[in-house]
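These are my notebook entries on a single chain, made with the sequence and the coordinates side by side. I began with the sheet, went on to the helix lying on it, and then looked up charged pairs.

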Amino acid sequence: MRCSQAATRHAILVLSGLVLVSPPLQAEVRTKLYITSRACQADSLLSPEECQNAFANAEAEYYDGAPVFGVKDECERVFRRCVISFAEPPDPKAPRYAPALKGVQVSVSSVQDRTAVPVLDGSHPAVSFGRRTVLERQDYRSTVKQEDAQARWAAAQRPPEQSRAAEGTTWTLRGRVDPPAH
């Protein structure tokens, strides 16, 4: 009986050593692109409520980060398809256009790490979106983020010589300060 207890202890110690020495396991990330929340619900990667949150949160992120154009042709020069934008226009009578939303990409790493991000029908380096959790509704929209996205888009469209000229300019809380002339 003592031999079997000792053998058991030895086996436990050996196994414990193997567990401590082995590299940590990486969580398998499952990623899917959904066109509709109904398709998301049918796939069962997320719960029905999480699918609804994914689409609401991704739509809000889309409105915060997608550039808006005054003319559809300008939009379609860069993005494959453009649609009427429902972002707050400066002139309510003038239609505005934004890149079409292709779908919502959902990533699941664990029970607590489930995110959604909008996917455009086309891409541009000046356009990026953050990930929002699907565990709760985060469908708030930020006019500050919309303005930042529009400013990033405008900066990316400037010719290189205008960008170089702007490099010597510094911004403060009171506005723009130009460098002294030599």
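**Entry 1. The sheet.** I looked up the strand pairing in this predicted model. I found an open sheet of 4 strands in the order 1-4-5-6, with antiparallel pairing. At its edges are strand 1 (30-34) and strand 6 (132-133), each of which pairs on one side only. For background, I noted that strands of a sheet pair through backbone hydrogen bonds, in either a parallel or an antiparallel manner.

**Entry 2. Strand 1 with strand 4.** I then took the pairs in turn. Strand 1 and strand 4 run antiparallel and are joined by 5 bridges. Within this pair I located Lys32, which stands opposite Val106 in strand 4.

**Entry 3. Strand 4 with strand 5.** How many bridges join strand 4 to strand 5? I counted 7 bridges between strand 4 (residues 101-108) and strand 5 (residues 114-120), the two running antiparallel. The connection between strand 4 and strand 5 is a hairpin through 5 residues. I recorded two partners across this pair: Val104 stands opposite Pro118 in strand 5, and Gln105 has Val117 of strand 5 as its bridge partner.

**Entry 4. Helix 3 over the sheet.** Next I asked which strands helix 3 lies across. Helix 3 lies across strand 1, strand 4, strand 5 and strand 6, and it runs at about 50 degrees to strand 5. I checked the length of helix 3 as well: at 1.5 Å a residue its 18 residues should span 26 Å, and its end C-alpha atoms are 26 Å apart, so the two values agree. Helix 3 is mostly covered, with 14 of its 18 residues buried.

**Entry 5. Asn53.** I chose Asn53 as one residue of helix 3 (residues 48-65) to examine. Its relative accessible area is 4%, which is under the 20% limit, so I entered Asn53 as buried. Leaving aside neighbours within four places in sequence, I found Asn53 in contact with Val134, Leu135, Glu136 and Arg137.

**Entry 6. Salt bridges of helix 3.** I searched the whole structure for salt bridges and obtained 9. As a general point, side chains of opposite charge can pair when their charged atoms come close. I followed up Glu50 and Arg114, whose side chains meet in a salt bridge (3.3 Å, N to O). Glu50 lies in helix 3 and Arg114 in strand 5, so this pair ties together parts that are 64 residues apart in sequence. Both Glu50 and Arg114 are buried.

I then turned to Arg132 and Asp64, which also form a salt bridge through their side chains (2.9 Å, N to O). Because Arg132 lies in strand 6 and Asp64 in helix 3, the pair ties together parts that are 68 residues apart in sequence. I looked up the accessibility of each partner: Arg132 is buried at a relative accessible area of 3%, and Asp64 is buried at 2%. I also noted a network in which salt bridges that share partners join Glu61, Asp64 and Arg132.

**Entry 7. Asp43 with Lys32.** I returned to Lys32 and found that it forms a salt bridge with Asp43, with the closest N and O atoms 3.1 Å apart. The pair links distant parts of the chain, with Asp43 in helix 2 (residues 37-43) and Lys32 in strand 1, 11 residues apart. Are these two residues buried or partly exposed? Asp43 has a relative accessible area of 33% and is therefore partly exposed. Lys32, with a relative accessible area of 36%, is partly exposed.

**Entry 8. Arg152.** My last entry concerns Arg152, which I placed in helix 5 (residues 143-157). With a relative accessible area of 38%, Arg152 is partly exposed. Leaving aside neighbours within four places in sequence, Arg152 is in contact with Ala126 and Ser128. I also looked up its separation from Pro125: the two residues are 27 residues apart along the chain, and their C-alpha atoms are separated by 9.9 Å.

Note on methods. Residues numbered from 1 in each chain as written. Predicted model: local features only at pLDDT ≥ 70, side-chain atom pairs only at ≥ 80, totals over all residues. Heavy atoms only, no water. Buried < 20%, exposed > 50% of the residue type's maximum accessible area, 1.4 Å probe, protein only. Contact = heavy atoms within 4.5 Å. Expected span 1.5 Å × (residues − 1). Pairing = 2+ DSSP bridges. Axes fitted to C-alpha atoms, helices over the stretch in contact; angles between N-to-C directions. Salt bridge = Lys/Arg side-chain N within 4 Å of Asp/Glu carboxyl O.
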